Amino acid sequence: ADDEIGRILDAAAQLPSPSGLRAQTYVTLFGLIAATGLRLGEATDLDRDDVDLHAGVLAIRRAKFGKSRFVPVHDSTREALGRYAQQRDQLVVRPASPAFFLVGRGIRLTQCSARYNFAVVSRAIGLRTPVPGHPQAHGRGPRIHDMRHRMAAKTLIRWYQEGRNVESELPKLSTYLGHVHVADTYWYIEAVPELLQLATERATRPREVAP
């Protein structure tokens, strides 16, 4: 839910580190994935040259199945990426990596670290329940990848509510998400109860007959 995403970002902003880079990196990373539906690996693989802050476009060059694409982002996302880049460059003057997202002394953020910190903040706000007898375990709960699913589902729901022809619009979402086949995007309609209901209502709605 929107409020849960907000709480995740607020908790990420509290992650401690000597320079403060850790918190800024994870707030921006989690926010980017929630807004664009990028795969985690696509986000962590971004280099500085892949992020066009002027045009607001991301170049995804090492995508799943070797399929590259350009991903335009909303102005609010572009501005958030710009603020992060400025703060990152002030904290890490001589980075050891060309990566856009940095941690520690300027090395690339790894997927493993991202998943771990997402679990940490999810537990901190109660989205993951503690495991009895294992106080250090993070329990079961949302994954970073669930924010990709959320973005796709909310887009489709909005299209149905706006009365769009979802079947003709679907290839756009499929391309944006980097799916190899449109059928991969159709999966969301079957997997999300609200979407399935909206699709059923649209399919069974009586058609107007022209006089």
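How much space lies in the largest pocket? In this predicted model, the answer comes to about 730 Å³. That space has plenty of neighbours, since its lining is made up of 31 residues. Gly31, Ala35, Thr36, His74 and Thr77 are the ones that lie nearest the pocket's centre. As for the elements behind this lining, those giving two or more residues to the largest pocket are α2 (21-36), α4 (75-91), α6 (145-161) and α7 (166-177). Of these, α2 gives the most, with nine residues. Sorted by class, the lining of the largest pocket splits into 16 nonpolar, nine polar and six charged residues.

One residue of this lining can be looked at a bit more closely. Thr77, one of the residues nearest the centre of the largest pocket, sits in helix α4. Is Thr77 buried or exposed? Its relative accessibility is 11%, so Thr77 counts as buried, the cut-off for that label being under 20%. Leaving aside residues up to four places away in sequence, Thr77 touches Leu32 and Ala35. Ala35 turns up here again, as it is also among the residues nearest the centre of the largest pocket.

Next comes the second largest pocket, with a volume of about 210 Å³. Which residues line it? Reading along the chain, the list starts with Arg39, Leu40 and Gly41, moves on to Gln111, Arg115, Phe118 and Ala119, and then takes in Arg128, Pro142, Arg143, Ile144 and His145. Two or more of the residues in this lining come from each of α3 (40-44) and α5 (111-124). Here α5 gives the most, with four residues. By class, the lining of the second largest pocket has five nonpolar, three polar and four charged residues.

Pockets are open, but what about space that is closed off? The count of cavities of 30 Å³ or more comes to one. The largest cavity has a volume of about 50 Å³. Its lining includes Glu42, Asp45, Leu46 and Asp50, along with Ala59, Ile60, Arg61, Arg62 and Ala63. How do these lining residues divide by class? Four are nonpolar and five are charged, with no polar residues in the lining of the largest cavity.

Conventions. Residues numbered from 1 in each chain as written. Predicted model: local features only at pLDDT ≥ 70, side-chain atom pairs only at ≥ 80, totals over all residues. Heavy atoms only, no water. 1 Å grid on protein atoms, 1.4 Å probe; cavity = no way out; pocket = protein on both sides within 12 Å on 5 of 7 lines; lining within 4 Å. Points joined across faces, edges and corners; volume = space filled by probe spheres on them. Nonpolar A, V, L, I, M, F, W, Y, C, P; charged D, E, K, R; others polar. Buried < 20%, exposed > 50% of the residue type's maximum accessible area, 1.4 Å probe, protein only. Contact = heavy atoms within 4.5 Å.
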